[in-house]
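Thanks for passing this one along. Here are my notes, in the order I'd go through them with the model open on screen.

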Amino acid sequence: MTQSKKPKNGCFTSLLNKKMGKLDYEKKNLKEYRKFVEKRIGKLFPVFSKTSVGDFSRQIRLPLEEDEFTPLYVGTNMMIQLIREKMAELENLNKKLEKRVVKRTAQVVLTNQSLRKELSTRKGAETGLRESEERYATLVEKGNDGIVIIQDRTLKFVNEKMVKLTSFKIADAIGRPFTDFISPEYRDLALRNHKLRLMGKPVPITYEIEILTKKGEKVPVEINASLIEYRGRKASMAIIRDISDRREVEKTLQEEKGKLDAIYKTIKDGLALYDIDGRVLFMNPSLKKLFGVKTNLFGVERVKIAKNRRKYFKYYLERYDDSLETQRQVYAGRPVSNVLMKVYSSPPKYVEGNYVPIKDNLGKVIGMSASFRDVTVLKNQSEKIAKQLLEMEKQKERVQAIFNNVEEGVYIFDKNLKIIQANSACEIMTGCEEKEMIGKTYYEIFGCHDRVGHFYPEFDPVSKVITTKESVPYDEHLHTSKNGKQRWVGVSYTPIFNEAGDIEQIVGVVRDITAIKELEKAKSEFVSVASHELRTPLTVINGYLSLLLNGDLGKLESEKSRLTFFTILNKVKYETERLTKLVGELLNVSRIEEGRLRLVLRKLPIIKLVDEITSDFKAMAAMKGVRLQVIHKVRENGRDYYVMADQDKLKEILVNLLDNAIKFTESGGEIVISCTEKKGQIDIGVKDTGVGIESTMLPRVFDKFQQISGSYLKENKGTGLGLFIVKSLVELHKGKIWVESEVGAGTEFNFSLPLVPQ
Amino acid sequence: MTQTKEKKIKVLLIEDEKEVAELYKLKLTLDGYEVITAENGQEGLDKANSYRPELIFLDIKMPEMDGFEVLKKLRATARTKDIPVVVLSNFDEQDLIEKGLTLGANEYLIKSQFTPEDISNKIKSWVSED
């Protein structure tokens, strides 16, 4: 295979090459493609981790969609999926947090109560102190939260948990201002809350601040503080919980949200999210730009938008689907893809919409996501392709019309030389219907041989095309069809190659040239007869001259030999005249056939002319004992009829007819020449009582040498060109000539010429 | 080449062209042959049968029956099948020459290429062949 296969998705490949650098199509297997998509998504959406992109790309299956936006599209879909996951995750986390807060609050409140109870108990009763202290220890020392007691702005109590949290030793902390352990930006807040608490004013029980570790690191904590009596005086007790984990999660979520937002904003495709009631939750800038969204559509029902797009969209939108039906489908859980719409922006764009239901973990539809892609380029291309297809279809029809209507037989053979198509001309030539020919070879339909008579398989031009891989430009064969009809055909065979360069089909064009062949044969017969006719007088002339030169006829002295000599000279003269006449006639025929014979037309008195010519023949007729009579009606005023004619040619017509009449009429016979006026024409007739012409010969009397196939050897004496010339001359004068004859009774030639006013 | 008076060789000339026939008859008669002429094929066949000539000169282009038909009939008839036949024609097409020879002509000559003397001189060779 010399030629590389053209990729079907050339559009994709070319884009790929343009954007990604050279990528050999042959190597673009599934693995390569996945790699490409991963790379592309990685570039477009850095938010996705390599693992998730990998997970996604593994879902890609061949065959690939011919789609220049595949990576972007895959990314978008991934993103939608990811958003849904993250949203669910966020929601989950929030719920967990809420639960935890509620639980914690309850816990803290309980702890506070317990502590207060403990303290007041301790203050009140000495008994049970030990048990109480144990409880206290359990609560304070072994709890999960840090506990401090603040009095006089200094730390009076710090539990073990706090030590763990901050790394300060209890001894280092006790007695120091509590604000020293708080991140500077929260110190005022904490101090103010403490003061207000001591004053008995309303203070939030819980709030978040950051405390400092020994190393100076900030730790986010949740404070749950309350007023207590400590050693007989008012004090603040704070339960401190490390919330750095929660903060971390929140921060991550915030970041994720920001990134997703960025994607929404930067992605080229239009994206929209709808809630369960079809209300717009979100639309990205690309979508707004694509449709020319005029107002904030948040919360507006899609149905409402569909009913009044002009109100919401700047551009007129034409959809090729039922928008509401599409929505119904999606909310019933079925994605609707490739919805084509036209946006009449400037320039107009074609947009393809894809609608996907959003489902919760239980598979219940909770909303709809929609993405919109500008497919103008693709659409234009596909329109172009459609146009080309249409053009191809037309071309095919034209070819079909030609195929059906040409005079030439057109065969189409497969590579096994079996006929797969044959046009109506083939049907006419073979006498077989196309369906009879299909599946057969050429030679099953025809007896076929070349000019020399070689038959199939010795002679097989169609197979020759296969072996030589070359066309047969033109050849002549003789076909014998099933009904025994023979015809000469001019054929050409042209191979049609496939992409691999192998012959797939052969087109055979077969033209019936039987008529041309017959004409050729007639021509060669004409030449043959003409040269024969020229040779006959030459033979005689040469023969006599050689006899004279040889002295065969004796010396010229004697009276007898002189007489012989004159006789011979007369014969030679006669043959020379015959030869001259023949050459003249041949020249005339050649001029007539090539259309070079020109008439010199003049207005001529026809009856006067006929009289003159006839009288020239009187002597000749009388010598043969034939009566020559002219019958014509001259006008009463004695004036003649006139024709537009070439005088010499008109004479030639009459001379030929009279000459023939005398030649074929025996002594005692009669020739009548008549002139009759008929409807603006003059009919001139030459009627004899000669031998007549056989009815089978009558239609051919005006042909050159009376060419009946195979009969030219039996020609009557004479050149056989005379009547052909006569007929041609009459017709050149816009006249007609015809003949009637009966064997033994005689022949009558008539010709008519149009009359002209005097 | 004059013949002896005792035994004249009989030659039949089948030729429709009167001028040509006269020419050959004149020369052959002068050379001492007995020349019988026939104007068409049928007459030629008849005279070949009745005179039994020693040589027949046969034209091809003739009315009614052409030379080839005459030749076929001559060769198909016992009385004439062994008489040497020389075709004398002004047709020089190869296929006609071949046809003449195939049908049994001893020679096929183109008239315009031979003088009456050439023809006359060759008679002996054809006749002695027999």
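The points below start with chain A as a whole, move through its strands, and end at chain B.

1. First, a reminder that we're looking at a predicted model. Chain A runs to 758 residues, of which 26% are buried. Its secondary structure adds up to 23 helices and 24 strands. If you only count contacts in chain A between residues at least 6 apart in sequence, 52% of them link residues at least 24 apart.

2. On to the sheet. Five strands of chain A make an open sheet, ordered β2-β1-β5-β4-β3, with antiparallel pairing. At the edges sit β2 (154–158) and β3 (206–212) of chain A, each of which pairs on one side only. On average, and ignoring direction, neighbouring strands in this sheet are turned by 40° against each other.

3. Within that order, β5 and β4 are listed side by side, and their pairing is worth a look. β4 (residues 218–230) and β5 (residues 233–242) of chain A are joined antiparallel by 10 bridges. To get your bearings, find V221(A), which sits opposite D242(A) in β5(A).

4. Another pair to check is β12 (residues 409–414) and β13 (residues 419–422) of chain A, which run antiparallel and share three bridges. Here F413(A) faces I419(A) of β13(A). The hairpin has four residues between its strands, and L417(A) adopts a positive phi near 65°. If you're scanning backbone torsions, that's the residue to click on in this hairpin.

5. Now the interface. On the chain A side, 21 residues are in contact with 22 residues of chain B. The elements supplying two or more of the chain A residues are α19 (514–550) and α20 (559–594) of chain A. α19(A) contributes the most, at 13 residues. Sorted by class, this side of chain A has nine polar, seven charged and five nonpolar residues.

6. How do α19(A) and helix α1 (residues 18–30) of chain B sit against each other? Their axes come within 9 Å and cross at roughly 25°. Angles under 35 degrees count as roughly parallel, so α19(A) and α1(B) are roughly parallel to each other. The crossing of α19(A) and α1(B) is left-handed.

7. Which residues meet there? From α19(A) come T536(A), T539(A), V540(A), G543(A), Y544(A) and L547(A), and from α1(B) come E19(B), V20(B), L23(B), L26(B) and K27(B). By class, this helix-to-helix contact has six nonpolar, three polar and two charged residues. I'd put that next to the chain A side of the interface, with its five nonpolar, nine polar and seven charged residues.

Methods. Residues are numbered from 1 along each chain as its sequence is written. Chains are lettered from A and ligands numbered from 1 in the order in which they are written. This is a predicted model: local features need pLDDT of at least 70, side-chain atom pairs count only at pLDDT 80 or more; totals for chains, interfaces and linings use all residues. A residue is buried if 20 or more other C-beta atoms lie within 10 Å of its own, exposed if 12 or fewer, and partly exposed in between; C-beta atoms are placed from the backbone. Two residues are in contact if their C-beta atoms, placed from the backbone, lie within 7 Å. Ala, Val, Leu, Ile, Met, Phe, Trp, Tyr, Cys and Pro count as nonpolar, Asp, Glu, Lys and Arg as charged, and the others, Gly among them, as polar. Two strands pair if DSSP finds at least two bridges between them. Axes are lines fitted to C-alpha atoms, for helices over the stretch in contact, and angles run from 0 to 180 degrees between N-to-C directions. Angles under 35 degrees count as roughly parallel, over 145 as roughly antiparallel, 65 to 115 as roughly perpendicular and the rest as oblique. A crossing is left-handed if the near helix is turned anticlockwise from the far one by less than a right angle, and right-handed if clockwise.
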